[in-house]
Structure formats: structure tokens, C-alpha cells
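Trainee: Before I rely on any label given to a model, I would like to see the value behind it set against its definition. Could we go through one that way?

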Amino acid sequence: METINSFLQSANSYANWPMFILLIGGGLLLVFYSKFLPYRFFGHAIAITAGKYDDKNAKGEVSSFQALSAAVAATVGLGNISGVAIAIHDGGPGVVFWIWVTALIGMCIKFYSCSLSIMFRGTDSDGKLQGGPMYYITKGLGEKWRPLAVFFAICGLFGFLGVFTANQFTDTFMTVIDPEQNLVALGGTAEDPTFYWKFSIGIVLAIVTSFVIFGGLAKIAKVASAIVPFMVAVYLIAVVVVMVMNASEIIPSLKLMITEAWNFNTIVTGGFWGMIIIGVKRAMFSNEAGLGSAPMYHGQSKTDNPIKEGLVASLGPFIDTILVCTFTAIVIILSGAYLEDSSGIVMTLSAFEKTLFGFGDDLLMIIVTAFAMSTLFTYSYYGVKSLSFLTNAKIGKLYNIYFVLMIVFAAIASLELVKNLIDLSYALMVIPNMIAVLLLAPKVNRAAKEYFAKLKTNG
């Protein structure tokens, strides 16, 4: 595992800059090219999500609300709870500001990419409607661009594994329950007794995930749309309670995030630019804008209008990064947990335990369990689509077996290894996806012009 980790670490140093230039540079280009469209029509996007403009005869498998719920299920999850803690641990409080900047740019990227997922839908070998980067690359840019789509799908086989979620869920269980002390010593006199518990947790998690993911998309959408609103609500209530009880600390915490964001003498590896790259990576991990995963889900929506779906999708980064990540960061900073030498979910658990009457870590464990389950259910779907594109729909389903086995691997792996694997896969996926989105952006602008002209005429 140490050998794999050192390879991933060095590979990441090469992938970071192309990812950064395409995501932030390309994203800013789209913001101005769209004339701030996703921000100007924010209210209209909420109305579409609420079902006000649903077309019951449209093609697709799931409603816009279900598609957003499922996409948010994959993004509002441990990326927001432990991902923020990792960001603050690696880059200090100032990194949160760069997470905000990336999320605002991400709203525009999601508008374009998810509009394209409806505009250029394809069918798999079973004749089922599909959307996502692989299809808007081959159909929008043409067959000569297929190698770009194949590269994206190959990276997706690694990027869409639920390894981070499985790893952080296991850490949560080990920290809160401390099963070695409170339940049973599985390792006996072994040198590393916690290994046996982590391995057992991985197996249980893999079995539970198997029951849902082998049921197909409709079941995933149903489970995700039921869990997501509830788990987000519980988490936000817990965070708001902490903030109300420590109201005087909110402004100083926000101030620290902003002032530290411009600390040119930061001790972060890579200095000031190193801090920005950490912020960009963690924001992308939180909301997946530019990654190309959300278009795969939104491409299944029951709509024939690309712009409507793009507007719905643009809400994702706002919900899970601007709202959820900020609240998490405030709790971590005002509790002082960020000064401890811990990272990931362990830091967030410490923050909640300190601020919620000593049982905040227990409550967080329940929330993390729900978040982990919904994320695992949704991610497997993305991986199946990647393998199906590379082979066929029948072979694509075999991805689920590999996905489930990797859950067990992730449970016993280190946080560092899992983080580096996901960072590298994501950085590589951004490259083909953002190239395609930037080249196809004029088509989205033309469709948007038509859509808003029609909306004006029809009221």
C-alpha cells in the first residue's frame, strides 16, 4: 500500500496543473461566455426542480428532482463532512475561501455540462437512453474524438469507486464505537487488532451495498431521493444548533477563512498556490463540477429540454458546497478542532463532540451512515455506465462486483492512499470533460437563447 501511495502522490503532482487550468480558467471563461446565466436564473432553476415545468411525456427514466437528489446524494456526503476537514488540515482555514470560489464557478460548469448531457444523449447496447461526457464527446464533437471519451471512461473505472466513503465510514465507526474496547477484541493478541474490525466493517458495508446496487437505477433513484432531503436536514439542524450556541464565534471564523485565504506566507506545501489547489480539489470532490459524473445522472432525466436540466444541475454546487461545506467549516473552526493533529472525519467528529453536549459524535455517526449509503448506491451507477461504454451493457454490470470488492479494500487502506487515488482519478477525468464542454459551449448558448425567448413568449 505504501508503494501504491507514493506512486499516486507523484502522479498527482503532474495532473494538478492541467486540471487547475481547465477547471478554473475554463470555468471562468464559461461564466463570462454565459453572461452569468445560471446566477441570473437561480429562482427559475428552483421552480423547475420543484416540478413546475415537468413534461410527463418527455423521454427519460427519472424526474429532474430525482436526478438532482441522486446527484446531490453522491456529492452531499462525506466530501462535505470529512472532505472539508481534510482541506482545512492540509491547507488551513483560508482554503475554505477557495472552495467557495470553485463552487461558484462550478455552478456554471454544471449548467453547461448537464445541458449537453440532454442535448447529446445516446443509447447503450441494450437500447437504453444514456447521457454523460462519453456521449456528448462522441455525438457532439464526432467519432474522431472517441479516444477522449474512452480516456474519460477508463479514469471513471477508478474515480467512481466508493473508496473514500467506505474508508471514512470505517474511521467513523472505529472512532465513535471503539469496537475493540466496547464490543469484542476480534484481533485477539494480533499486532494490529483494529485491522480485523476494519476488515469486518468493510465486508458488512459491501453486503449492504450489494442489496441495493444490483437492483438498478430506478431503485437507486428511489432510495437516494428518500434519504437525501432527510439526511441533509438533520445535518443542517445539528450544525445550526452548534452555530446558535456559539453565535459570537461565527464572524471571527468567517473572518479567519477570508484573511487566511490571502496568506502569501502560508506554510502549506506549495505555498499560496498549493493552498488554492487544495481548495480547488476539495471543492471538486465536494460538488463534482467539471468532473463529468453529474451529467451521467442528469442525462437520465425525463426532459427533452437541455437548458431546463442544466439549470436544475447548477443548483448542486450551491447546495452542497456553498451551504453544507461552509457550515461544516464554521463548526470545525469555532470548536478549535482544526488546531488538533487529526484529519478527515476524525477532525469533524471531534468538532461535533466538543460543541454538541458530548454526544455530537454519536449523532454525526448516524448522519455519516446515511450519507455513506446514499453515496455508495449512486457511485456504483456511474462506474457501470463507464464500463458499459467501453464494452457493452451486459459486461458493464460486472463493475458492481469490482465496486463491492474495493469497498473492503478501502476499509483497511489509509486515508492518504484513498485520497490520492481519488484526487488523481478526478484530475484526469476533468481534462477530457472540460475540453469537450468548452468546445461545445456555443451549442448550449444557442439553445439557451431559444429557450428564454420561448419562455418570454409563453410566460
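The conversation below takes up confidence, overall make-up, one helix, and several single residues.

Mentor: Keep in mind that this is a predicted model, in which local features need pLDDT of at least 70 and side-chain atom pairs count only at pLDDT 80 or more, while totals for chains, interfaces and linings use all residues. Residues are numbered from 1 along each chain as its sequence is written, and side-chain values use heavy atoms, with hydrogens and water left out.

Trainee: How do you know where in the protein chain confidence is lowest and where it is highest?

Mentor: The guide is pLDDT, the predictor's confidence in each residue, from 0 to 100. The protein chain averages 86, and 89% of the residues score at least 70. Confidence is lowest in helix α4 (residues 64-75), with a mean of 62, and highest in helix α8 (residues 146-159), at 95. Where pLDDT is low, the predicted coordinates should not be read in detail.

Trainee: What makes a stretch count as a helix or a strand, and how many of each does the protein chain have?

Mentor: Both are DSSP runs numbered from the N terminus, with H or I over at least four residues for a helix and E over at least two for a strand. By that rule the protein chain has 21 helices and two strands.

Trainee: What is the span of α6, and where is its kink centred?

Mentor: Helix α6 covers residues 95-119, and its 25 residues reach 35 Å from first C-alpha to last, close to the 36 Å expected, where the expected span is 1.5 Å times one less than the number of residues. A kink of about 25 degrees is centred on Gly106; the bend at a residue is the angle between axes fitted to the seven residues ending there and the seven starting there.

Trainee: Why is α6 described as largely enclosed by the rest of the structure?

Mentor: Buried means under 20% relative accessible area, exposed over 50%, and partly exposed in between, with a 1.4 Å probe and protein chains only. Because 22 of the 25 residues of α6 are buried, the helix is largely enclosed by the rest of the structure. Across the protein chain, buried residues make up 61% of the 459 residues.

Trainee: Is Thr348 called buried or exposed, and why?

Mentor: Thr348 has 0% relative accessibility and therefore counts as buried. Thr348 sits in helix α17 (residues 345-355), and, leaving aside neighbours within four places in sequence, Thr348 is in contact (heavy atoms within 4.5 Å) with residues including Ile81, Thr328 and Leu364.

Trainee: What is notable about the backbone at Lys35 and Phe36?

Mentor: Lys35 has a positive phi of about 55 degrees although it is not a glycine, and Phe36, also not a glycine, has a positive phi of about 60 degrees. Lys35 lies in the loop between α1 (2-33) and α2 (37-40), as does Phe36. Their labels differ, because Lys35 is exposed at 61%, whereas Phe36 is partly exposed at 38%.

Trainee: How do you know which residues Asn5 touches, beyond those up to four places away in sequence?

Mentor: By the contact rule just given, Asn5 touches Glu416, Leu417 and Asn420. Asn5 lies in helix α1 and is buried at 12%; Asn5 and Val418 are 413 residues apart in sequence, yet 8.4 Å apart in space, C-alpha to C-alpha.

Trainee: How many disulfides does the structure hold?

Mentor: Zero, where a disulfide is a pair of cysteine sulfur atoms within 2.5 Å. Cys114 is buried at 0%, and Cys325 is buried at 3%.
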